[in-house]
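Here are some exercises to work through with the model open beside you. Try each task before reading its solution.

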Amino acid sequence: MICRVAQIRRCAGSLSQTINQVAASRQKHTLPDLTYDYGALEPHINAEIMQLHHSKHHATYVNNLNVTEEKYQEALAKGDVTTQVALQPALKFNGGGHINHTIFWTNLSPNGGGEPQGELMEAIKRDFGSFQKMKERMSAATVAVQGSGWGWLGFDKENGRLRIAACANQDPLHGTTGLIPLLGIDVWEHAYYLQYKNVRPDYVKAIWNVVNWENVSERLQTAKK
């Protein structure tokens, strides 16, 4: 009996060590580099906004996500369900912030604007009637976000259709609605206030001039697989 207890203790110790090793080896999230300079989207989004938005706001989400995940791994190792549950809001907020912004930067380009081509344009015409109607509907939904949040063009894989949605705060589109994100517009005030003050519609109107339709098209192709 004593030998069996000792064996159980050794197994438990080994399991705990394994969990700790996995947690220690977990690759931390990092702030993605931009493929363009902070000032490259001017005059539509100025350099000061881009620098603060990327190097401060997004970086904060990344840092907080790493800290929260570390605490969550510790709670898992201890079997502390109460702490695991308590950490869920922070995981959602900071994880969503990291996911959303990582998409956002690639959705923008100094060579953007204009209209999409090919399959994406055909899908837009099929699901919204015209490109202009899609822009109007997405702009209206994005401007109408109460407080802070995002406007999205997403892909409904089940029905094979494009859909427009809005999410509060940093709620990730896929985890919240099931839609696969193609194009996101950040309407937290830090995304536009230094340049557009409280006139959110002007910011939303301007951002269409730097939308990277090639990236949106690539996302659609990936979403359909």
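Two residues are in contact when they have heavy atoms within 4.5 Å of each other. This is a predicted model, in which local features need pLDDT of at least 70 and side-chain atom pairs count only at pLDDT 80 or more, while totals for chains, interfaces and linings use all residues. Residues are numbered from 1 along each chain as its sequence is written, and side-chain values use heavy atoms, with hydrogens and water left out.

**Exercise 1. The overall fold**

Task: Find how many helices and strands the chain has, and describe its contacts and burial.

Solution:
- Start with the elements, which are DSSP runs numbered from the N terminus: helices are H or I with at least four residues, strands are E with at least two. The chain has nine helices and three strands.
- Next, put them in order: along the sequence they read α-α-α-α-α-β-β-α-β-α-α-α.
- Then turn to contacts: among those between residues at least 6 apart in sequence, 69% join residues at least 24 apart.
- Finish with burial (buried is under 20% relative accessible area, exposed over 50%, partly exposed in between, using a 1.4 Å probe and protein chains only). Of the 225 residues, 42% count as buried.

**Exercise 2. The hairpin**

Task: Work out how strands β1 and β2 run and how many bridges join them.

Solution:
- Recall the rule: two strands pair if DSSP finds at least two bridges between them.
- Apply it: β1 (residues 149–156) and β2 (residues 161–168) run antiparallel and are joined by eight bridges.
- Pick out one pair: L153 has I164 in β2 as its bridge partner.
- Look at the turn: four residues lie between the strands, and G160 there has a positive phi near 65 degrees.
- Add a side-chain link, using the salt-bridge rule (a side-chain nitrogen of Lys or Arg within 4 Å of a carboxyl oxygen of Asp or Glu). D156 and R163 form such a pair at 3.4 Å, N to O. D156 is buried at 11% relative accessibility, whereas R163 is partly exposed at 41%.

**Exercise 3. The annotated site**

Task: Locate the residues of the UniProt "binding site" feature and describe the surroundings of H53 and D186.

Solution:
- Read the record: the unreviewed UniProt entry places this feature at H53, H101, D186 and H190. They spread over 138 residues of sequence yet cluster in space, with a largest C-alpha distance of 12.4 Å. UniProt positions follow the numbering used here, feature names are shortened, and annotations may be inferred rather than shown by experiment.
- Take H53, in helix α2 (residues 47–78). H53 is buried, at 1% relative accessible area. Not counting residues up to four places away in sequence, its contacts include H101, D186 and H190.
- Move to D186, in strand β3 (residues 180–186). D186 is buried too, at 0%. Beyond its neighbours within four places in sequence, D186 touches residues including H53, H101 and Y203.
- Check one atom pair: a polar atom of the D186 side chain lies 2.9 Å from the backbone nitrogen of W188.

**Exercise 4. Salt bridges**

Task: Count the salt bridges and say which parts of the chain K92 and D171 link.

Solution:
- Count with the rule from Exercise 2: there are five salt bridges.
- Follow K92 and D171, whose side chains meet at 3.8 Å, N to O. K92 sits in helix α3 (residues 81–107) and D171 in the loop between β2 and α6 (173–177), 79 residues apart. K92 is partly exposed at 43%, whereas D171 is buried at 18%.
- Close with the network that links R126, D127 and R161. Within this network, R126 and D127 have their closest N and O atoms 2.8 Å apart.

How values were computed: A polar contact is a pair of N or O atoms within 3.5 Å; within protein, one must be able to donate a hydrogen and the other to accept it, and residues adjacent in sequence count only if both atoms are side-chain atoms.
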